[in-house]
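Some labels in structural biology rest on a cut-off, and it helps to see the value beside the rule. The questions below take such labels one at a time.

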Amino acid sequence: MSEPSKQPIAVAVLGPGTVGREVVRLLTEHAEDLAARVGAPLELAGVYVRDVSVPREGLDSALLTSDAEALVARADVVVELMGGISPARELILAALAGGASVVTANKALLAAHGPELFEAADAAGADLYFEAAVAGAIPIVRPVRESLAGDQVERILGIVNGTTNYVLDEMTQRGLSYDVALKQAQDLGYAEADPTADVEGFDAAAKAAILASLAFHQRVSLDDVYREGISGVTAADVAAARENGQVIKLLAIAERADGAVAVRVHPALVPVSHPLAGVHGAFNAIFVEAAAAGELMFYGKGAGGVPTASAVLGDVVSVARHRASGGKGPRESAYAANPVVAIDTVFTRYSVRMNVPDRPGVLQRVAEVFAAHGVSIETVRQASGAGTAGLVISTHRALERDLAATVADLRGLDAVLEVTSVLRIEGE
Ligand code: NAP
């Protein structure tokens with residue numbers, strides 16, 4: 001192996017947690033390969049921790065420091081793996097202001113403060129890379145930002161949260177209730193003790209905002225993302241989906257139509273024939289529809305210390321190469337200014353499940369409500385019980401606000417005992 005001749009590049013790691021400690025390990029174990037790939041040695045300048053007296057298995061205690069500012073000031077590349085907003089934001093801004101390149105996996109920070117950070121990187125002429133912030137190990141940021149830079153991305157459908165995919169997959173494959181599947185996910189370490197960020201879709205919404213910004217070349221913030229989680233999905237919803245040849249997935253959807261952008265996260269019915277229906281367990285996948293490229297799917301592990309460290313290290317190598325050769329890598333562009341529209345103007349298909357009295361004329365009255373709001377029915381399925389009937393109505397594409405008005409009227413109709421679920425149908 002030829003020796004890199006360039007000056008060492010000093011790398012600081014902030015936060016040696018699940019991901020950070022694997023980044024440190026791989027940086028150390030593969031130092032020789034990485035130096036050859038970069039064209040200069042990567043030198044671990046230090047690891048920032050809050051408390052240096054806490055023993056950290058596998059970490060050389062001589063590398064630990066609780067003085068983040070001093071560490072950042074002497075680094076060429078700062079790898080932020082603490083998570084959260086503060087002090088991650090301040091330390092990244094300090095790193096960029098000092099001319100260092102930054103690699104982060106912090107989707108929450110990027111979704112909340114992306115514009116400020118990207119502007120700081122531009123002003124400093126430094127790289128800010130974040131491949132690991134969306135779908136862990138899966139290369140998706142670089143493909144969308146660089147490989148598809150000459151195309152027009154029209155839509156992205158992503159399973160970008162492994163916890164919720166695991167829960168929904170267990171409900172689908174094994175008929176578990178939501179509560180039992182979630183408890184199982186917590187016991188196996190797929191879900192946090194407080195699972196809110198995952199199950200209520202906050203984590204997926206942050207990733208959706210990042211993906212939409214990249215795909216549509218404009219700023220999309222977390223506030224622009226419509227969000228519904230999976231805590232309302234029942235075993236009955238999953239069973240009804242199966243009977244209809246569908247599975248329920250939590251999708252992050254970013255789409256551009258008629259000069260407007262819409263970004264949303266919610267559970268959706270996906271036909272079993274769609275590639276996303278075959279994404280099981282805690283795996284992630286992102287399905288991209290582009291005008292020229294057509295359909296693409298990116299699949300793999302969306303979390304975990306070692307897989308995520310792979311994406312972080314890919315970024316470290318990229319930004320270090322730019323430093324070794326002088327210059328800066330490509331960044332995301334944000335020239336477009338399409339309006340980001342609210343959920344009520346979205347067009348999609350719907351499945352409305354309800355219980356009705358089992359008597360003549362009910363179906364006609366229900367159909368009249370749909371017709372009154374201009375929502376066209378595609379199929380009706382009926383299952384009779386003792387004196388009541390379960391109806392599942394699938395619609396053609398309709399405007400969300402018309403569908404919402406339809407459901408509100410159905411709820412007030414004496415011919416409807418209960419509307420049990422309303423789910424959007426995607427991927428058809
Ligand atoms: P983690 O296991 O909780 O580790 C976080 C580390 O940062 C710990 O070493 C923690 O120190 C340190 N830290 C946290 N707050 C700090 C503060 N205020 N000051 C100093 N140190 C602080 O988190 P993680 O799972 O590795 O995730 C790190 C980042 O990667 C997050 O942005 C996350 O969203 C992202 N990410 C994670 C995954 C994954 O699979 N885990 C996947 C994709 C992206 P202590 O040990 O002292 O608490």
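**From values to labels**

Q: What makes the approach of the ligand to Gly304 a polar contact?
A: In this predicted model, an oxygen atom of the ligand lies 2.6 Å from a polar backbone atom of Gly304. A polar contact is a pair of N or O atoms within 3.5 Å, and 2.6 Å falls within that limit, so the pair counts as one.

Q: How do you know that Pro16 and Gly17 also make polar contacts with the ligand?
A: A polar backbone atom of Gly17 is 3.2 Å from an oxygen atom of the ligand, and for a polar backbone atom of Pro16 the distance to a ligand oxygen is 3.4 Å. Because the limit is 3.5 Å, both pairs count as polar contacts. As for the ligand's surface, the protein covers 73% of the 890 Å² of accessible area that the ligand has on its own.

Q: What kinds of residues form the shell around the ligand?
A: The shell divides into nine nonpolar, seven polar and three charged residues. Of the 19 residues around the ligand, those that come nearest are Thr18, Val19, Arg50, Lys107 and Gly304. The space that the ligand takes is the largest pocket.

Q: Why is Ser213 called buried?
A: Ser213, which belongs to helix α10 (residues 202-216), has a relative accessibility of 14%. Buried means under 20%, and therefore Ser213 receives that label. A polar atom of the Ser213 side chain also lies 2.7 Å from the backbone oxygen of Ala209.

Q: Is His217 buried or exposed, and what is notable about its phi?
A: The relative accessible area of His217 is 11%, which is under the 20% cut-off, so His217 is buried. His217 lies in the loop between α10 and β8 (226-227), and its phi is positive, at about 60°, although His217 is not a glycine.

Q: Why does Asp258 count as exposed?
A: Asp258 has a relative accessibility of 82%, and because exposed means over 50%, the label follows for Asp258. Asp258 is found in the loop between β9 (246-257) and β10 (260-271), where its phi is near 50°, a positive value in a residue other than glycine.

Q: Which peptide bond is cis, and where does its proline lie?
A: The peptide bond from Ser86 to Pro87 is cis, with omega near 10°. Pro87 lies in the loop between β4 (77-80) and α4 (88-97).

Conventions:
Residues numbered from 1 in each chain as written. Predicted model: local features only at pLDDT ≥ 70, side-chain atom pairs only at ≥ 80, totals over all residues. Heavy atoms only, no water. Near = heavy atom within 4 Å. Polar contact = N/O pair within 3.5 Å; in protein donor to acceptor, adjacent residues only side chain to side chain. Areas by Shrake-Rupley, 256 points an atom, 1.4 Å probe, with all protein chains shown as cover. 1 Å grid on protein atoms, 1.4 Å probe; cavity = no way out; pocket = protein on both sides within 12 Å on 5 of 7 lines; lining within 4 Å. Sits in = over half its atoms within 2 Å of the grid points. Nonpolar A, V, L, I, M, F, W, Y, C, P; charged D, E, K, R; others polar. Helix = DSSP H or I, 4+ residues; strand = E, 2+ residues; numbered from the N terminus. Buried < 20%, exposed > 50% of the residue type's maximum accessible area, 1.4 Å probe, protein only.
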